[in-house]
Amino acid sequence: MLEAFDLPYNTHLVGLYSGTMAADLAHIAPARTVPAMRTPQGGILTDSLAMAETLVEQHPDVPLLPHDPAARALARSMIAEMHSGFMALREACPNIITHVWEGFEPSQAVRKDLARIELFWTMAKERYGQDGPWLFGDYTLADVFYAPVACRMTTYQLPASKIAKNYIAAHLNDPHFLTWRKDALTETHDPYPYNFDLARKPWPVNGS
Ligand SMILES: N[C@@H](CCC(=O)N[C@@H](CS)C(=O)NCC(=O)O)C(=O)O
């Protein structure tokens with residue numbers, strides 16, 4: 001969110017799998033999950049949706065959401081549904097940005113989540129997103145919240161329409177996404193936290 005809109009920030013890495021999470025977050029209580037954020041005024045935000053709302057409030061001149069009220073309503077709804085839903089997809093497909101799993105079979109519940117995501121992406125693109133690669137043309141917070149979905153659809157090779165494929169490619173080629181991936185490749189885990197009995201395939205270079 002901060003990176004994509006050129007909002008200055010400092011990063012503190014937290015040991016999600018190393019057992020140090022609680023200690024690493026102690027200085028920004030009551031945060032207990034990542035991401036967590038402290039604002040310049042000292043406010044602590046413990047949740048991504050709270051961060052998004054706060055940034056919109058604090059940076060009225062930054063186009064974090066589409067300008068058009070109807071587009072804005074759809075963007076907000078898509079963000080909220082992502083934030084509180086798509087649990088089947090999120091549980092079955094942990095977000096992995098390093099490689100592709102070969103032969104993952106999505107369940108009916110995952111397919112149902114994907115159908116709603118397709119509906120949202122198509123509606124946003126067709127109504128408001130004709131003038132650029134992103135859901136609402138220019139990059140907005142909706143794209144921030146759906147970047148991990150584009151990532152999952154790549155990692156697990158999930159079924160995608162032509163519109164969805166083009167949208168996923170926009171993420172995979174986005175400089176911020178590429179930095180995210182480059183950083184992820186420097187991480188090692190022992191034991192590896194995601195155990196799928198599937199072969200690994202290389203990540204598609206620049207989404208091709
Ligand atoms: N609703 C939260 C979800 C945060 C969350 O579940 N973060 C996970 C990593 S993606 C986490 O920190 N898990 C560690 C734990 O639950 O101990 C948000 O959107 O910010």
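Welcome! Start at the place where domain 1 and domain 2 meet, where 1 residue pair is in polar contact, both at pLDDT 80 or more. Keep in mind that you are looking at a predicted model.

**Stop one: the two domains.** Select residues 1–62 and give them a colour; that is domain 1. Then pick 69–185 for domain 2. If you place a marker at the C-alpha centre of each domain, the two markers will lie 22 Å apart.

**Stop two: the meeting surface.** Now show the residues where these domains touch. You will find 9 residues of domain 1 in contact with 9 residues of domain 2. Together the domains bury about 840 Å² between them, and carbon and sulfur atoms give 78% of that area. On the domain 1 side, the touching residues divide into 6 nonpolar, 1 polar and 2 charged. What is the count of salt bridges between domain 1 and domain 2? The count is 0.

**Stop three: a pocket.** Next, turn to the second largest pocket, which has a volume of about 310 Å³. To find the pocket, select P63, L65, P66, H67 and T140: of its 19 lining residues, these are the closest to its centre. Colour the whole lining by residue type and you will see 11 nonpolar, 4 polar and 4 charged residues. Which domains supply this lining? Domain 1 and domain 2 each contribute at least three residues to the lining, so keep your two domain colours switched on while you look around here.

Methods. Residues are numbered from 1 along each chain as its sequence is written. This is a predicted model: local features need pLDDT of at least 70, side-chain atom pairs count only at pLDDT 80 or more; totals for chains, interfaces and linings use all residues. Side-chain values use heavy atoms; hydrogens and water are left out. Domain bounds come from an automatic or database domain assignment. Contact means heavy atoms within 4.5 Å. Buried area is the accessible area (1.4 Å probe) that two parts lose on being put together, summed over both. A salt bridge is a side-chain nitrogen of Lys or Arg within 4 Å of a carboxyl oxygen of Asp or Glu. A polar contact is a pair of N or O atoms within 3.5 Å; within protein, one must be able to donate a hydrogen and the other to accept it, and residues adjacent in sequence count only if both atoms are side-chain atoms. Ala, Val, Leu, Ile, Met, Phe, Trp, Tyr, Cys and Pro count as nonpolar, Asp, Glu, Lys and Arg as charged, and the others, Gly among them, as polar. On a 1 Å grid over the protein atoms alone, a cavity is a set of points where a 1.4 Å probe fits but cannot get out, and a pocket is an open set with protein on both sides within 12 Å along at least five of seven lines; lining residues have an atom within 4 Å of a point. Grid points are joined across faces, edges and corners, and a volume is the space filled by probe spheres set on the points.
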